[in-house]
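Colleague: I have the sequence and the structure open side by side. Could you walk me through how the pieces pack together?

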Amino acid sequence: MDTCVSAQRAREYHLIPVGMYRRVSEDKAMKGRVSTWREVEEQVKEQEDAIRALAAVLPDDVTIVRDYCDNNTPASDPFIVRDDFERMLKDLEAGVIRGILFLHSDRLARLVYDAARVCRVFEMNPEYIGLSVEGGVNLATVEGRGMFVMQATVGNMEIGNTRRRVVRTNRRVAEKGVMHGAPRPFGWDEDRRTLHDVESKMIREAILAIPGGYKIADFKRALTEYGYVPKETKRSREGVRVIQHTAAEQILMSPRVAGIRFHVPEALRKQAEGRLWLPDFIVYKGGEPVRGDWEAPCSPDEWQAAVDEIKRRKEANKEGLPSGKHDTTAAYFLSGIARCGKCSSPMWSNPYTKGTSAYEKWGFRYACLSNQGGCGGVTRVGPPIDELVETAFLLETRATLGEDVAKADAIDETVHDKRLDEIAQEIADVNERRREKRISTSAALDMIEELEGEREKLTSKRGQLALQKRKRAMLTPDALADWEGLTMTEKRTRLKAAVRAVIVHPAGRGKRFDPELIEIVWQKNQAA
């Protein structure tokens, strides 16, 4: 086969330099399967052979000097940039090539916007050559450009219709609880139905620990240590692929982990660029969440408690920290919990620096900082206070075993279940009356939207009760059995459930640590 000659050499021999454009797109939603690399290569090779056969019947001075190939790149998605297509347009505009040969108009353009860009170049350069192997397009003529735009328009309409059918089909499949084709999700085996022994345990432990203070960042760290790398990742400055916070969050917040079906339209998924709150996309049928046909690592109630806690944290983050304060709470046990005995302002961790050798062995201190709104009059070494408060907290918790268990058992998260069942039946009844034309569609929608609003509120209340129950259960000795294995955030969350504040009273300079100057203020014993 003849290879492409350079544009410079073509000009030297007074030839007409043209390019050939090839493209095979892999559209999984349309094809229903993934083409193999070999199949795609064979298809683009067939396009090349057809284009070269067309070039062979053109005048001898027409020579292919550039090969533009956007392999596996769809032309119907306005969010995707085809690199070689853009390069081809620049070369045409610059006169590097004076024409383009292609298999069919739908290989070159499937969006009216792209077709118009091509036509603009040929209208400005009427001597250019623009021919298709199939479809009878000649971009050098007005009629040919009109046909080119028309074919692009019709092709785009066909794709839009197909996508609408695919969206409807995916929605119907989702309502049946059937899984759609996708890569293996983290937590499941290759069959995507059976739980993965290690990964599903990681998910379950994280879901159960979130109401107790476990962070998405902790799970992200666990994923990194496990060696998991999602398909879509960014690279660090060192070039190493890193797990993004959103990717770790979506694993845990996906309704899939509770065995619940959800559905996100492809168009919305692309626009959101991964920033989706997946609990908002649960599929309901008859007023009830659709259950999937796979094993789940946790129950819907356990998952909902974790979702409500993450939502609460997001709302708190939106409000932000007070001006000038830094979030160091994950590193030190009593940061923000300890308060100054003189002015009652929160005390913050303050690591010792060089030049304070007498105190360096303690590592850090708690200080009332004037630049944080405090009086600056109380500073105390941190580790002895941490040890004192931790010991008192664990002793108090173990001493109140019966009370904590009773408080947890007293919370009934199922109190709204009866009404939720009634709402599901009422929605089904309204739909039945609408189908029988006993009420108008508008009236039916009014009633359904009102019922859906009530359902959303009750579901949220149910989740809040489940969250309260889990937080109460955090203070039982069984829950604290692995105290040393908890993260600092989890320890602090359990502490704050029982301790309101730790008052650090002032002491004279140079005096030894006195436990009597540390006052623990316990939370009021109130039933949930």
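**Helices, cores and loops**

Colleague: Let's begin with one helix pair: are α4 and α6 roughly parallel or antiparallel to each other?

Modeller: Angles under 35 degrees count as roughly parallel, over 145 as roughly antiparallel, 65 to 115 as roughly perpendicular and the rest as oblique. Helix α4 (residues 83-94) packs against helix α6 (residues 112-124) at about 20 degrees, with axes 10 Å apart. Here the axes are lines fitted to C-alpha atoms, for helices over the stretch in contact, and angles run from 0 to 180 degrees between N-to-C directions. The two helices are therefore roughly parallel.

Colleague: Before we go on, what kind of model is this?

Modeller: Residues are numbered from 1 along each chain as its sequence is written, and side-chain values use heavy atoms, leaving out hydrogens and water. Local features need pLDDT of at least 70, side-chain atom pairs count only at pLDDT 80 or more, totals for chains, interfaces and linings use all residues, and the model is a predicted one.

Colleague: Thanks! How many helices and strands does the protein have?

Modeller: Both are DSSP runs, numbered from the N terminus: helices are H or I with at least four residues, strands are E with at least two. On that basis the protein has 17 helices and 14 strands.

Colleague: Back to that first pair: how many nonpolar residues are in the contact of α4 with α6?

Modeller: Contact means heavy atoms within 4.5 Å. Phe85, Glu86, Leu89, Leu92 and Glu93 of α4 meet Asp114, Arg117, Val118, Arg120, Val121 and Phe122 of α6. Ala, Val, Leu, Ile, Met, Phe, Trp, Tyr, Cys and Pro count as nonpolar, Asp, Glu, Lys and Arg as charged, and the others, Gly among them, as polar. That gives five charged, no polar and six nonpolar.

Colleague: Which element gives the most residues to the largest nonpolar core?

Modeller: A nonpolar core is a set of buried Ala, Val, Leu, Ile, Met, Phe, Trp, Tyr and Cys residues joined through side-chain atoms within 4.5 Å. The largest one has 29 residues, and Ile203, Ile207, Phe219, Leu223, Leu252, Met253 and Trp303 have the most contacts inside it. Two or more residues come from each of α8 (197-209), α9 (216-226), α10 (245-253) and α12 (300-319). With five residues, the top contributor is α8.

Colleague: How do α8 and α9 lie, and what is the hand of their crossing?

Modeller: Their axes are 11 Å apart at about 165 degrees, and the helices are therefore roughly antiparallel. A crossing is left-handed if the near helix is turned anticlockwise from the far one by less than a right angle, and right-handed if clockwise. By that rule the crossing of α8 and α9 is right-handed.

Colleague: And α9 with α10: roughly parallel or perpendicular?

Modeller: The contact involves Ile216, Phe219, Lys220 and Leu223 of α9 with His245, Ala248, Glu249, Ile251 and Leu252 of α10. The axes are 9 Å apart, at an angle of about 100 degrees. These helices are therefore roughly perpendicular.

Colleague: Is Val389 buried or exposed?

Modeller: Val389 is found in helix α13 (residues 382-399). Beyond four places in sequence, Val389 touches Phe333, Leu334, Leu495, Val502, Ile518 and Ile520. Buried means under 20% relative accessible area, exposed over 50%, partly exposed in between (1.4 Å probe, protein chains only). At 1%, Val389 is buried.

Colleague: How far apart in space are the C-alpha atoms of Leu103 and Glu48?

Modeller: Leu103 sits in the loop between β3 (99-102) and α5 (105-108) and is buried at 15% relative accessible area. Beyond its neighbours up to four places away, Leu103 touches Tyr21, Gln47, Ala50, Ile51, Ser132, Val133 and Glu134. Leu103 and Glu48 are 55 residues apart in sequence, and their C-alpha separation is 8.4 Å.

Colleague: Last one: what is the relative accessible area of Lys437?

Modeller: Lys437 lies in the loop between α15 (417-435) and α16 (441-473). Its phi is near 60 degrees, a positive value in a residue other than glycine. Lys437 is exposed, with a relative accessible area of 73%.
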